[in-house]
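Here's a quick briefing to read with the model open next to you. Take it one topic at a time and find each residue as you go.

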Amino acid sequence: MNIRRRNRLWLICSILIGVGLTLALILYALRSSIDLFYTPGEIIYGKRETQQMPEVGQRLRVGGMVMPGSVVRDADPKSLKITFTVYDAEAEIDVSYEGILPDLFKEGQGVVVQGELQENNHVLAKEVLAKHDENYTPPEVEKAMQENHRRPAAAYKENAS
């Protein structure tokens with residue numbers, strides 16, 4: 001092999017290594033800013049396809065129904081702290097939120113909570129979105145609701161006891 005070909009080979013190899021390293025760093029940086037969608041059952045039992053469980057401290061979105069009778073507001077009238085339970089047909093998780101809730105938020109209503117997973121499957125919410133009256137629902141949310149929201153809250157609560 002002559003010197004010219006060897007230099008080209010080294011140049012091509014170093015460019016490929018540089019591009020691979022750059023892609024790896026970009027994907028690693030994006031990993032911390034991705035919010036994955038979970039249902040309460042998927043938080044407890046893992047995703048159906050991969051059995052992937054969310055980790056404590058992971059940012060995520062949780063979609064489900066607000067459990068009737070679970071909304072508890074802080075005793076201080078000046079406080080905006082609220083805790084409630086989000087459920088689906090398989091499980092329930094507790095959510096804490098401090099802030100102004102959407103006007104459409106109520107018990108028995110569908111919500112999507114964006115926040116961070118804490119110990120004991122508790123979500124510390126940064127944002128709460130309530131289901132609105134429009135007919136459009138993203139396909140993955142519609143599929144999850146069809147699979148997981150088969151029973152009313154009363155039937156679920158009886159089985160949980």
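Let's start with a pair of strands: strand S1 (residues 36–38) and S2 run parallel and are joined by 3 bridges. Keep in mind that you're looking at a predicted model. The protein has 161 residues, and 32% of them count as buried.

**Strands S1 and S2**
- To see the pairing for yourself, find Tyr38, whose bridge partner in S2 is Val62.
- Is S2 mostly covered or mostly open? It's mostly covered, with 6 of its 8 residues buried.

**The overall layout**
- In total, the protein's secondary structure adds up to 4 helices and 7 strands.
- If you walk along the sequence, you meet them in the order α-β-α-β-β-β-β-β-β-α-α.
- Take the contacts with a separation of 6 or more: 58% of these link residues that sit 24 or more positions apart.
- As for the outside, the protein exposes about 11,100 Å², and carbon and sulfur atoms supply 56% of that.

**How other strands line up**
- Strand S4 (residues 81–87) and strand S5 (residues 92–98) run antiparallel, with 7 bridges joining them.
- S4 and S5 make a hairpin, and 4 residues lie between them.
- Want a pair to look for? Thr83 has Ser96 in S5 as its bridge partner.
- S5 also pairs with strand S7 (residues 122–130), this time in the parallel sense and over 4 bridges.
- For that pairing, look at Asp94, whose bridge partner in S7 is His122.

**Lys47 and its salt bridge**
- You'll find Lys47 in the loop between helix H2 (40–45) and strand S2 (59–66).
- Is Lys47 buried or exposed? Its relative accessible area is 17%, and the cut-off for buried is under 20%, so Lys47 counts as buried.
- Who does Lys47 touch, once you skip its neighbours within four places in sequence? Its contacts are Phe37, Tyr38, Glu42 and Gln52.
- One of these, Phe37, offers its backbone oxygen, which the side chain of Lys47 reaches at 2.5 Å.
- Side chains of opposite charge can pair when their charged atoms come close.
- Here, Lys47 and Glu42 meet through their side chains in a salt bridge, at 3.5 Å from N to O.
- Both ends of that pair are tucked away, since Glu42 is buried and Lys47 is too.
- How many salt bridges does a search of the whole structure find? It finds 1.

**Glu116 on strand S6**
- Glu116 is part of strand S6, which covers residues 110–118.
- With a relative accessibility of 27%, Glu116 is partly exposed, because that label covers values between 20% and 50%.
- Glu116 and Leu60 are 56 residues apart along the chain, yet their C-alpha atoms are separated by 6.1 Å.
- Leaving out neighbours within four places in sequence, Glu116 is in contact with Gly57, Gln58, Arg59, His122, Val123 and Leu124.
- The side chain of Glu116 also makes a polar contact with the side chain of Gln118, at 3.4 Å.

**Two asparagines in a loop**
- Asn120 sits in the loop between S6 and S7, and Asn121 lies in the loop between S6 and S7 as well.
- Asn120 isn't a glycine, but it has a positive phi of about 60°.
- Asn121 isn't a glycine either, and its phi is positive too, at about 55°.
- How do they sit relative to the surface? Asn120 has 74% relative accessibility, and anything over 50% is exposed, so Asn120 gets that label.
- Asn121, at 29% relative accessibility, counts as partly exposed.

**A nonpolar patch on the surface**
- Which residues make the nonpolar surface patch of about 370 Å²? They are Leu11, Ile15, Val19 and Leu23.
- Val19 is in helix H1, which spans residues 3–31.
- Val19 has a relative accessible area of 45%, so it falls in the partly exposed range of 20% to 50%.

Conventions. Residues numbered from 1 in each chain as written. Predicted model: local features only at pLDDT ≥ 70, side-chain atom pairs only at ≥ 80, totals over all residues. Heavy atoms only, no water. Buried < 20%, exposed > 50% of the residue type's maximum accessible area, 1.4 Å probe, protein only. Contact = heavy atoms within 4.5 Å. Areas by Shrake-Rupley, 256 points an atom, 1.4 Å probe, with all protein chains shown as cover. Patch = residues over 30% accessible without salt bridge, like charges linked within 9 Å, V, L, I, M, F, W, Y side chains within 5 Å. Salt bridge = Lys/Arg side-chain N within 4 Å of Asp/Glu carboxyl O. Pairing = 2+ DSSP bridges. Polar contact = N/O pair within 3.5 Å; in protein donor to acceptor, adjacent residues only side chain to side chain.
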